[in-house]
Amino acid sequence: MSFPDISADLKSAMPELRGRVLANEPLGPLTWFRVGGPAQVLFTPVDEDDLAYFLAHLPADIPVYVIGVGSNLIVRDGGVEGVVIRLSPRGFGTIVAEGDTVRAGTAALDKRVAEAAAAANIGGLEFYFGIPGSIGGALRMNAGANGGETKDVLVEARGVTRAGETVTFTNAEMGFVYRSHGVDPSIIFTSALYRGTLMEPEKIRARMNEVQQHRETAQPIREKTGGSTFKNPPGHSSWKLVDAAGMRGFRVGGAQVSEMHCNFLINTGDATAADIETLGETVRDRVKAHSGIELQWEIKRIGVAG
């Protein structure tokens, strides 16, 4: 499937644009599931000023989506109408540690931020070492693992509005809740400032090793997967509910519930986005029928069906 090419019109309306604009660019290769159709327009800004310029001149009726490293994302087979913005590590991946703080661009990998903090003897960010995403997704999802969450260490986040204005949010203004936040969803985060605690490097490294060992022994990290599929309902673990409903190893087409950790869905090699999403919905139906609990998606889904 392809969309009408609007890239030339956008470029002509933005003569000072420096970033790359591509029409009908495949998104599947940019996601961990390796599935999905194209973006009508894929825009990669050079830096924050370039992003702000683009948004300020983009017609208001054109939808905008943001993707990071695609580790927590299903792009549907029909692709994504409108503009998909992908922040690159070159323009948005800088990490600077100073004192007990770490400032990171939102294209920086969570793991790299944890490593930079550890190198500066800053503790408290070790949990990021086990999250396979980028800082932008961590802010949007209040990402957490192994007893830590983004809300525990964030000082402030900076972003750009749909109108192209730069804004800053304190931790309190972010309105963090479990796997979400209270900020206008159209905000595109560009950087984050964290504060940890100065600690002995041996303690920090030991904690990071624990996090890594847990991932390797409990999660299918070498598969084509999107990470945790469903949020944990209050008082429950999603994987236990899925397992109790008899869904461990269940398949739809080329998609399968992981045998290793059944809150993970896997592309076994030839799955479509429809296979994966249908599998997820089937799991939700079976869990609801078995336990009466309705699981909520943690993985983000964008685009139209093929």
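**Notebook: strand β6, two helices and a pocket**

Ala97 came up first in my notes, and I recorded it as partly exposed, with a relative accessible area of 34%. I should say at once that I am working with a predicted model. I placed Ala97 in strand β6. Leaving aside residues up to four places away in sequence, I found that Ala97 touches Val102, Ala116, Ala120 and Ile122. I also looked up a pair that lies far apart along the chain: Ala97 and Arg195 are 98 residues apart in sequence, and their C-alpha atoms are separated by 9.7 Å.

I then turned to Ile95, which I also found in strand β6, a run covering residues 95-98. Is Ile95 buried, partly exposed or exposed? Its relative accessibility is 27%, so I entered Ile95 as partly exposed. With residues up to four places away in sequence again not counted, the contacts I listed for Ile95 are Val102, Arg103, Ala104, Ala108, Arg112, Val113 and Ala116. For Ile95 and Asp49, which are 46 residues apart along the chain, I noted a C-alpha separation of 18 Å.

**Helix α7**

Helix α7 runs over residues 201-218, and I noted that its 18 residues reach 26 Å from the first C-alpha to the last, close to the 26 Å expected at 1.5 Å a residue. Which residues of α7 are buried? I wrote down Ile204, Met208, Val211, Gln212 and Arg215. These residues lie on the same side of α7, because they cover an arc of only 95° around the axis. On the face turned away from that buried side, I found the exposed residues Glu202, Lys203, Asn209, Gln213 and Thr217. The buried residues of α7 pack against α4, which spans 110-119, and against β8, which spans 122-123.

**The second largest pocket**

I looked next at the second largest pocket, where the space comes to about 200 Å³. Its lining is made up of Trp32, Val69, Leu109, Lys111, Phe129, Gly130, Ile131, Pro132, Gly133, Gln212 and Arg215. Sorting the lining by type, I entered six nonpolar, three polar and two charged residues. Gln212 and Arg215 in this lining are also among the buried residues of α7.

**Helix α9**

For helix α9, residues 273-291, I recorded 19 residues and a reach of 27 Å from first C-alpha to last, close to the 27 Å expected at 1.5 Å a residue. The buried residues here are Ala273, Asp275, Ile276, Glu277, Leu279, Gly280, Thr282, Val283, Arg284 and Val287. What do the buried residues of α9 pack against? I listed β4 (73-75), α8 (238-244), β16 (251-252), β17 (255-257), β18 (264-267) and β19 (300-302). Just after α9, I noticed that Gly292 takes a positive phi of about 80°.

**Positive phi in two asparagines**

I closed with two residues that have a positive phi without being glycine. Asn121 has a phi of about 60°, and I found Asn121 in the loop between α4 and β8. With a relative accessible area of 30%, Asn121 is partly exposed. Asn146 has a positive phi near 50°, and its place is in the loop between β9 (144-145) and β10 (148-149). I noted Asn146 as partly exposed, with a relative accessible area of 27%.

Definitions and conventions: Residues numbered from 1 in each chain as written. Predicted model: local features only at pLDDT ≥ 70, side-chain atom pairs only at ≥ 80, totals over all residues. Heavy atoms only, no water. 1 Å grid on protein atoms, 1.4 Å probe; cavity = no way out; pocket = protein on both sides within 12 Å on 5 of 7 lines; lining within 4 Å. Points joined across faces, edges and corners; volume = space filled by probe spheres on them. Nonpolar A, V, L, I, M, F, W, Y, C, P; charged D, E, K, R; others polar. Helix = DSSP H or I, 4+ residues; strand = E, 2+ residues; numbered from the N terminus. Expected span 1.5 Å × (residues − 1). Buried < 20%, exposed > 50% of the residue type's maximum accessible area, 1.4 Å probe, protein only. Arc of directions from axis to C-beta. Contact = heavy atoms within 4.5 Å.
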